[in-house]
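Trainee: Please take one part of this model and go through it closely. I would like one connected account.

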Amino acid sequence: MGHDHGHDHTHGANKKALLISFIITTGFMIVEAIGGFVTNSLALLSDAGHMLSDSVSLGVGVLAFVLGERVASHSKTYGYKRFEILAALFNGVTLTLISLYILYEAYQRFANPPEVASTGMLIIAIIGLLVNLTVAWILMRGDTKENLNLRAAFLHVLGDLLGSVGAIVAALLIMFFNWGWADPLASVIVAILVLISGWRVTKDAIHVLMEGTPKNIELDDIIQTMEHVEGILSIHDLHVWSITSGQNALSCHAVVDGDLSIHECQELLRTIEHELEHKGIGHVTIQMENNEHTHDDSLMCQNDHSSTSHSHSH
């Protein structure tokens, strides 16, 4: 199938983008952390902390791709595709914790700003900016719209970019005006950015784990699309969810015209699957029924049909 081939291709490109970014980021994160200690700059340390969570998220991202490739088994019928979402959740929580710690540290430093070696801080921050630009460019070429993992990594790197800019500005302010508070201020700005992106990633991951309707899917649109197909009378028991980023699934019961032959029902199914694929849903499971199998008319019906058959007198 041409469709799958395209998916594998972007998958490979995404994995490679993450791997290269992981190596660069981890290398520089170590440099920046040492630099932060030596120059006594909290802005550098907070940026290094952010880069640490970055390299963790990139590393986990690579791992998620590798594990995600493992084939589905009897015990895990979706394979390991959900690992990526768990990774994003872990990542979001880590980010939130790191930013809270930086805010606490900065609060201490505003009270009594320590001496910062601003020249060293400036040099390291400039290298950091270049490193982050490179990584952002590598990730940009991947598929940041669809893939939650890649998007998380990209958001991190953008935060890092701003962190580096903050550290550069702070270093210049200390050099020219001797404003010691510029360093903790820069770290607070980074921390707030980290907090926001951490919160977002956590929220998105929880949404997927709670089987929420995927962000890019309009439920009403899907219902109309299906009910417009000739031969479908109504739809109920509808569920739409994500297995992992960019892989959406749908299941429902469809009441069809009782006069349709099996062959016509198959055609109907094919039409619906085709329509839904254009709407971004690849996994479609539809149970066809005729009018005699009546239901309460709710769309997301949750009844236990086995024991309620006698009560359906309508």
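Mentor: Two strands count as paired if DSSP finds at least two bridges between them. This is a predicted model. Take strand 2, residues 247–256.

Start with the hairpin. Strand 1 (residues 232–244) and strand 2 run antiparallel, joined by 9 bridges. Within that pairing, Val240 has Leu250 of strand 2 as its bridge partner. The hairpin has 2 residues between the strands. Gly246 takes a positive phi there, near 75°.

Now the other pairing. Strand 2 also pairs with strand 3 (residues 283–289), in the parallel sense, over 7 bridges. His253 stands opposite Gln287 of strand 3. The connection goes through a helix: the chain leaves strand 2, passes through helix 8 (residues 262–278) and reaches strand 3. This β-α-β crossover is right-handed.

Next, burial. Strand 2 is mostly covered, with 10 of its 10 residues buried. Buried here means under 20% relative accessible area. The side chains split by direction. Gln247, Ala249, Ser251, His253 and Val255 point one way. Asn248, Leu250, Cys252, Ala254 and Val256 point the other way. Both sets are buried. Leu250, the partner of Val240, belongs to the second set. His253, opposite Gln287, belongs to the one that starts with Gln247.

So the picture of strand 2 is this, with pairing as DSSP defines it: antiparallel to strand 1, parallel to strand 3, and buried at 10 of 10 residues.

Terms used
Residues are numbered from 1 along each chain as its sequence is written. This is a predicted model: local features need pLDDT of at least 70, side-chain atom pairs count only at pLDDT 80 or more; totals for chains, interfaces and linings use all residues. Side-chain values use heavy atoms; hydrogens and water are left out. Buried means under 20% relative accessible area, exposed over 50%, partly exposed in between (1.4 Å probe, protein chains only). Helices (H or I, at least four residues) and strands (E, at least two) are DSSP runs, numbered from the N terminus. A crossover is right-handed if, with the strands pointing away from the viewer, the path from the first strand over the helix to the second runs clockwise.
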